[in-house]
Amino acid sequence: MSNDSNLIIYPLGSEGWIPSNGQETICFAFFKGDEIFILDAGTGIARLMGLRETLFKERWPRIKRAHIFLTHYHLDHCIGLFWASAIFRGIPISVYAPGEVSYGRPALQILDELFRKPYSPRPFDELIEGVQVHDVTPHGLIFGAGGVDFTVSVKLNPEHSDPSVSFRFSNWLAFVTDTPPEKETIEFVKGVKVLLHEAYYDSFDAYRDIDDPLDAHRSGPHTGTFGAGLIAKRAGVGRLVLMHHNPEIPMLEMESAAKNVRDRIGIDCRLARDLEEIVIETT
Ligand SMILES: [Zn+2]
Ligand SMILES: [Zn+2]
């Protein structure tokens, strides 16, 4: 199913907060050329220990660099950095994370605070030898991988319980989690082929009709199913994949909540499940 014109997104962890129901916490991966891109480093990143010996066996030895994008520092999104040196042994690692602009200090300093004695046997830059840490800013980034240049755009999300950021990879993919539904997100994800958006809970109770103001779907630091659905509809995205749901809600309930969004809002919407590949045509 893989060919050069497709990008495959591997959901390694699609659950929020707690690994449960056979799902790990937030981590998605894709390859571009001989580089691997990781979106959040929740417990799902540990799946790579097995995948590098199986599904990724052929391409793993060719990986030149692992690029890890962090939306924020809540542990369900970054605990996997503790294991990264073993998972990517021999592979240089770059980390891109919110810093000065969101937190008033560099990302490296925040990671040093998180991974230091006695919580970690070594400081962060020794825990992952040679790691390069980059603050992300709204200016975004430009990458060249596999002979193709692509842009990574960044949006700041100041309204989560601690600030997070969203990422957009050219027109293929946007990754939005741990934020209430924001009008600005509509512009940020406009026209993207696949939107991975958090749906922490079923918000059908708040839904009146397709013209609901987004503000009517704000409740706390997260987004519900219909907040994500209305953003996807208004942004004209190709496909909405819901993730980072609260594991206290059974998967089957969230499956039917996703179907409800599909039926009411009239968009392609489904729930991410670990290891169910998301194929995006990039040409
Ligand atoms: Zn989270
Ligand atoms: Zn969070």
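**Notes on the predicted model, starting from helix α8**

1. Helix α8, residues 225-235, is mostly covered, with 8 of its 11 residues buried. Keep in mind while reading that this is a predicted model. The buried set in α8 is Thr225, Phe226, Gly227, Ala228, Gly229, Leu230, Ile231 and Ala232. Those buried residues pack against α7, β11, β12, α9 and β13. Just after the helix, glycine 236 takes a positive phi of about 60 degrees.

2. Now the helix pair. α8 and α9 pack at an angle of about 40 degrees, and their axes are 10 Å apart. Angles under 35 degrees would count as roughly parallel and 65 to 115 as roughly perpendicular, so α8 and α9 come out as oblique to each other. Their crossing is right-handed. On the α8 side the contact is made by Thr225, Phe226, Gly229, Leu230 and Lys233, and on the α9 side by Ala257, Ala258, Val261 and Ile265.

3. What does the sheet look like, and in what order do its strands run? There are 7 strands in an open sheet, ordered β7-β8-β9-β10-β11-β12-β13, and the pairing is mixed. At the edges sit β7 (141-145) and β13 (269-271), each paired on one side only. Ignoring direction, neighbouring strands of this sheet are turned by 20 degrees against each other on average. Helix α9 (residues 251-265) packs on the sheet and touches β12 and β13, and its direction makes about 175 degrees with that of β13.

4. Within that sheet, have a look at β11 and β12. Strand β11 (residues 194-198) and strand β12 (residues 239-243) run parallel and are joined by 5 bridges. Leucine 195 has leucine 240 in β12 as its bridge partner. Leu195 also turns up in the largest nonpolar core, a set of 75 residues, where the residues with the most contacts inside the core are Ile38, Ala41, Ala174, Leu195, Leu196 and Leu242.

5. At the edge of the sheet, phenylalanine 143 lies in strand β7. Is this residue buried, exposed or partly exposed? It has 17 other C-beta atoms within 10 Å; since buried needs 20 or more and exposed means 12 or fewer, phenylalanine 143 is partly exposed. Setting aside neighbours within four places in sequence, phenylalanine 143 is in contact with Asp149, Phe150 and Val152. From phenylalanine 143 to arginine 270 is 127 residues in sequence and 29 Å in space, C-alpha to C-alpha.

6. On to β3 (residues 35-39), which is mostly covered: 5 of its 5 residues are buried. In a regular strand, side chains alternate between the two faces of the sheet. Here Glu35, Phe37 and Leu39 point one way from β3, while Ile36 and Ile38 point the other way, and all are buried. Note that Glu35 is in that buried list. As for isoleucine 38, its contacts beyond four places in sequence are Cys27, Ala29, Ile45, Ala66, His67, Ile68 and Phe69.

7. Which strands is β3 bridged to? Strand β2 (residues 27-32) runs antiparallel to β3, with 5 bridges joining them. Strand β4 (residues 65-69) runs parallel to β3, again with 5 bridges. Leucine 39 has a part in both pairings: in β3 it is the bridge partner of phenylalanine 28, and its own partner in β4 is phenylalanine 69. The hairpin of β2 and β3 has 2 residues between the strands, and glycine 33 there takes a positive phi near 55 degrees.

8. Last, some backbone spots to check by eye. Most residues other than glycine have a negative phi, and most peptide bonds are trans. Serine 170, in the loop between β9 (164-169) and β10 (173-176), has a positive phi near 40 degrees. Aspartate 178, in the loop between β10 and α7 (183-189), has a positive phi near 55 degrees. Their surroundings: serine 170 is partly exposed, with 17 other C-beta atoms within 10 Å, whereas aspartate 178 counts as buried because it has 27 C-beta neighbours inside 10 Å. The peptide bond from lysine 117 to proline 118 is cis, with omega near 0 degrees. Proline 118 is found in the loop between α5 (107-114) and α6 (124-127).

How values were computed: Residues numbered from 1 in each chain as written. Chains lettered and ligands numbered in written order. Predicted model: local features only at pLDDT ≥ 70, side-chain atom pairs only at ≥ 80, totals over all residues. Core = buried A, V, L, I, M, F, W, Y, C linked by C-beta atoms within 7 Å. Contact = placed C-beta atoms within 7 Å. Pairing = 2+ DSSP bridges. Helix = DSSP H or I, 4+ residues; strand = E, 2+ residues; numbered from the N terminus. Axes fitted to C-alpha atoms, helices over the stretch in contact; angles between N-to-C directions. Parallel < 35°, antiparallel > 145°, perpendicular 65-115°, else oblique. Left-handed = near helix turned anticlockwise from the far one by under 90°.
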